[in-house]
Amino acid sequence: MAADLSRALNINVGVMGHVDSGKTSLVRALSQVLSTAALDKHPQSRQRGITMDLGFSAFALPAPEHLKKRLPHVEAVQYTLVDCPGHASLIRTIIGGSQIIDMVLLVIDVTKGIQTQTAECLVIAEVTTENLIVVLNKVDLLESLAGSKKASKKGATAGAEPAADAAALLAKATGRIRKALESTRFADAPMVAISAAPGGAGKSGAGGSGSKADGAAADLAQAAAERADVSALLGELQLRAPVPNRSPGGALFMSVDHGFQVKGHGTVLTGTVLRGSLSVGDEVEVPEMGERRKVKSIQMFRRDVRSIAQGDRAGFAVSSLAGGKLERAVVCSPGTVSAVRVAVALVRRIRYFKGDVTTAKTRVHLTVGHSTVMAQAVFFGAQELAEAGVGLATAVRSDEGAAAGPATGAGAAA
């Protein structure tokens, strides 16, 4: 039975992991509806064969019982997948996406284990959410890996079962990963072993020419033809679906990650509502441009809606804006957001950070949402706050203005 999306709760799921761990293949296997930015449609992604930008797609399932007990009006859950880059140079893109995430799928190539960007994604996940599922991908490669290892050993016993050897390798890899997670908040995170693209099928990004609608249909047709068995992962998602704290109240604050022109409709901006709500006919402001426009229409994954609220992923159309200038932006209720140059904040030193935070006027890169600026940080009150069990206080002065929005835990300094 199809889920009733008119009474659906949107849960944003970040898909993170080291480059080439199979994140986009997993997204392809799970997705039912693709956005205009899904499955590596960025031109550089096609050229380089890796995810270069945030990608968005979705699938829906009936609401699990534990969620319906808390939210009786909800009949379905729409899981919005946020496909994050895995390359080291794109870590700020992941930080920008982390502000909208309710839970994380940490994808690990089971033949390689935890790698450099896996650890970085773990740090971001710790700041972002308490809900994480470890996806051990490419388990279909373990049998051939086991065979290669046996063949390389002199005097190996002939006739051993490849499946048994693969199971032993999986158990060994799982133990190592579990050991690595012991020092994190995800020590007891569930692990699900899958093959998102059995035999390497579906590794390439979205390709082909033609219309975006035709491309999306072809991508979904390919995914259906190559469908991996993801039932165990879907079951774990349903079991652990968080009950996010959603409220439509307050002024609108929306993180926009893509903008483009559609003939006859104007400029379409896509993003996620971090606070408040948005309805057709509302006036919104783009503070970076000082422009105000009325919302002409709203869609959630190609479905027309009249309004959206906190946590929802959507696109909306306005008139006469240069979409290319809004690849990353904030959209808000008019007059509610301004740029600030000085801020006081409580911060916490993350694991692996070895820098000195005692020097006056430390130079840092300050990332707030999708924006990164140079800033000077002055840290103070460490002893007093440590005794109180609180983080470290800091005063930050940015070289450029940064938009001040709701506290989401998405800011980062490095």
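## A walk through the fold

Let's start in a loop: Arg302 lies between strand S13 (297–300) and strand S14 (303–305). Helices (H or I, at least four residues) and strands (E, at least two) are DSSP runs, numbered from the N terminus. Arg302 isn't a glycine, yet its phi is positive, at about 70 degrees. That's worth a second look because most residues other than glycine have a negative phi. With a relative accessibility of 44%, Arg302 counts as partly exposed (buried means under 20% relative accessible area, exposed over 50%, partly exposed in between, with a 1.4 Å probe and protein chains only).

Before going on, keep in mind that this is a predicted model, where local features need pLDDT of at least 70 and side-chain atom pairs count only at pLDDT 80 or more, while totals for chains, interfaces and linings use all residues. Residues are numbered from 1 along each chain as its sequence is written, and side-chain values use heavy atoms, leaving out hydrogens and water.

Arg302 has a counterpart in another loop. Asp20, also not a glycine, has a positive phi of about 65 degrees. Find Asp20 between strand S1 (8–17) and helix H1; its relative accessible area is 39%, which makes Asp20 partly exposed.

Just past that loop comes H1 itself, residues 23–30. Eight of its eight residues are buried, so the rest of the structure largely encloses this helix. The buried residues of H1 include Lys23 and Arg28 as well as Leu26, Val27 and Leu30.

Now zoom out. The protein has ten helices and 22 strands, and 46% of its 414 residues count as buried. Take the contacts (heavy atoms within 4.5 Å) between residues at least 6 apart in sequence: 73% of them join residues at least 24 apart. On the outside, about 19,700 Å² is exposed, with carbon and sulfur atoms supplying 53% of that (areas come from the Shrake-Rupley method with a 1.4 Å probe; for residues, only the protein chains shown count as cover).

What about the inside? In soluble globular proteins, nonpolar side chains tend to be buried together. A nonpolar core is a set of buried Ala, Val, Leu, Ile, Met, Phe, Trp, Tyr and Cys residues joined through side-chain atoms within 4.5 Å. The largest one here has 32 residues, and Met16, Val104, Leu106, Leu132, Val134 and Leu136 have the most contacts inside it. Elements giving two or more residues to this core include strand S5 (103–109), strand S6 (132–137) and helix H7 (162–181). H7 supplies the largest share, five residues. Try clicking on Leu136: beyond its neighbours within four places in sequence, its contacts include Ile108, Leu170, Ile177 and Met191. A second, separate core holds 29 residues, among them Leu26, Phe59, Leu105 and Val135. You've met Leu26 already, as one of the buried residues of H1.

Next, the cysteines. How many disulfides does the structure hold? Zero, where a disulfide is a pair of cysteine sulfur atoms within 2.5 Å. For Cys84, the nearest cysteine sulfur is that of Cys121, 7.1 Å away. Cys84 is buried, at 0% relative accessible area, and Cys121 is buried too, at 1%.

Finish at the surface. Val127, Ile350 and Phe353 make a nonpolar patch of about 210 Å². Patch residues have over 30% relative accessible area and no salt bridge; like charges are joined within 9 Å, and nonpolar side chains (Val, Leu, Ile, Met, Phe, Trp, Tyr) within 5 Å. A salt bridge is a side-chain nitrogen of Lys or Arg within 4 Å of a carboxyl oxygen of Asp or Glu. Phe353 sits in the loop between strand S18 (339–347) and strand S19 (362–368) and is partly exposed, with 33% relative accessibility.
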